[in-house]
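Work through the exercises below with the sequence and the 3D view at hand. Try each task before reading its solution.

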Amino acid sequence: MIGRPRSLRPSGGATRVRHTLLGTLAGVAALLATGVSAAPPASAAPEAGVMAPSAQSSALDFWTPQRMRAATPLDILSVDRSDVRASAPRKGKATVVAPSAPVSDVGPTAIPHGGGPWTGGGAVAKTAGRVFFTYQGRTASCSGNAVTSANKSTVVTAGHCVKMQGAWHTDWVFVPGYHDGQRPYGTWAASRTLSTPQWTASEDINHDIGAAVVAPLDGKRLTDVVGGQGLAFNTGYSKPMYSFGFPAAAPYDGEKFVYCSGTTFRDFLLSSDHGLTCNMTGGSSGGPWFTQFDEATGTGLQSSVNSFKYNFLPNAMYGPYFGADAQNLYQSAQSS
């Protein structure tokens with residue numbers, strides 16, 4: 001199906017960018033004009049952007065503290081009532097990947113919570129971080145999270161945080177544990193970024209999931225340094241969840257680690273996503289959602305990412321269901 005345009009609004013006074021939900025990117029339109037289906041088979045391997053070693057080195061040099069402070073938060077995707085219902089995620093067998101993050105104590109927090117600084121610490125304060133990249137000639141930011149993986153180098157984020165409007169983002173780096181301009185665990189350059197076939201081809205909101213494989217830093221791999229959170233696929237809806245991110249649009253500034261929590265609900269409007277009461281803003285896109293989150297250790301099972309908000313429901317955040325295609329993406333990333 002082809003949807004109507006929806007807007008993706010860069011924050012901080014940047015020029016408004018018209019974004020497309022389903023199938024009206026120039027490249028996709030060209031495919032449709034020739035009679036070729038824009039969407040690949042659901043089982044196709046995720047497509048990827050590859051960064052050469054020289055590009056990785058350039059990205060590390062590029063991201064100075066000044067550029068990080070000046071990066072414009074990439075907004076949470078904004079969806080109108082006029083958007084067409086997207087394809088539902090494929091389901092599969094329930095699968096859980098255990099966390100590999102070291103256990104550490106955290107302080108008590110409030111649940112439910114509609115959005116505020118995470119003061120508990122714990123493993124999540126190391127595995128989650130800010131994502132920085134260049135998009136359409138401007139510096140931008142999202143959020144991401146390190147997960148348990150065979151290559152010990154996999155970061156999960158949103159699809160629009162790795163690729164949007166037909167192009168893979170460049171100068172892509174991950175900064176775990178970012179806070180107040182500090183990079184306590186270093187800056188990790190991506191060697192490869194990936195997304196689901198549905199997001200890559202037509203930016204299907206149900207499949208707004210991305211991943212990055214980051215290169216070693218100082219001879220060490222990512223999760224050997226910060227640990228990795230677990231994952232859960234095909235585990236259902238309406239569950240207690242915690243959402244984390246680094247919102248950088250007002251009233252936030254990107255310098256603090258923020259969380260929301262509560263029992264999720266299934267989107268009854270345009271998508272098959274999880275919904276959660278949450279006031280996080282642009283820059284939090286790609287931040288992790290956890291089921292079975294343990295406040296005593298700061299560990300959990302990542303089951304979604306911050307993806308979009310409806311214009312008419314500003315206090316509700318939505319995140320894609322982690323089904324079979326999300327699991328395929330994870331397998332492709334961890335085997336890279």
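The exercises cover disulfides, a serine in a strand, nonpolar cores and some backbone angles.

This is a predicted model, in which local features need pLDDT of at least 70, side-chain atom pairs count only at pLDDT 80 or more, and totals for chains, interfaces and linings use all residues. Residues are numbered from 1 along each chain as its sequence is written, and side-chain values use heavy atoms, with hydrogens and water left out.

**Exercise 1. Find the disulfides and describe each one.**

Step 1. Apply the cut-off: a disulfide is a pair of cysteine sulfur atoms within 2.5 Å. The structure holds 2 of them.

Step 2. Take C142 and C161. Their S to S distance is 2.2 Å. The angle about the S-S bond is -80°, and the link is left-handed. This pair links distant parts of the chain, 19 residues apart. C142 sits in strand β9, while C161 is in the loop between β10 (154–157) and β11 (163–164). Strands here are DSSP runs of E, at least two residues, numbered from the N terminus.

Step 3. Take C260 and C278. Their sulfur atoms are 2.1 Å apart. The torsion about this S-S bond is about 65°, so the disulfide is right-handed. Here too the pair links distant parts of the chain: C260 belongs to strand β18 (residues 258–263), and C278 to the loop between β20 (274–277) and β21 (288–294).

Step 4. Check burial. Buried means under 20% relative accessible area, exposed over 50%, and partly exposed in between, using a 1.4 Å probe and protein chains only. C142 and C161 are buried. C260 is buried at 0%, and C278 is buried at 1%.

Step 5. Write the pairing. With the bonded cysteines numbered in sequence order, it reads 1-2, 3-4.

**Exercise 2. Describe the surroundings of S143.**

Step 1. Locate S143: strand β9, residues 138–146.

Step 2. Is S143 buried or exposed? Its relative accessibility is 0%, so S143 counts as buried.

Step 3. List neighbours, with contact meaning heavy atoms within 4.5 Å. Leaving aside residues within four places in sequence, S143 is in contact with several residues, including G129, R130, T157, G245 and G283. F246 is also among them.

Step 4. Look at F246 again. Its backbone nitrogen lies 3.0 Å from a polar atom of the S143 side chain.

**Exercise 3. Map the nonpolar cores.**

Step 1. Recall the rule: a nonpolar core is a set of buried Ala, Val, Leu, Ile, Met, Phe, Trp, Tyr and Cys residues joined through side-chain atoms within 4.5 Å.

Step 2. Start with the largest core, which has 37 residues. Among those with the most contacts inside it are F133, V155, W172, F174 and L222.

Step 3. Follow L222. Residues up to four places away in sequence are not counted. L222 then touches, among others, A146, V155, F174, W188 and V214.

Step 4. Add the second, separate core. It has 19 residues, including A59, V175, A189 and F244.

**Exercise 4. Pick out the backbone features.**

Step 1. Which peptide bond is cis? The one joining A250 and P251, with omega about 10°. P251 lies in the loop between β17 (240–245) and β18.

Step 2. Turn to K152. Its phi is near 55°, a positive value in a residue other than glycine. K152 is in the loop between β9 and β10. With a relative accessible area of 29%, K152 is partly exposed.

Step 3. Turn to Q165. Its phi is near 55°, a positive value in a non-glycine residue. Q165 is in the loop between β11 and β12 (167–168). Q165 is partly exposed, at 23%.

How values were computed: Helices (H or I, at least four residues) and strands (E, at least two) are DSSP runs, numbered from the N terminus. A polar contact is a pair of N or O atoms within 3.5 Å; within protein, one must be able to donate a hydrogen and the other to accept it, and residues adjacent in sequence count only if both atoms are side-chain atoms.
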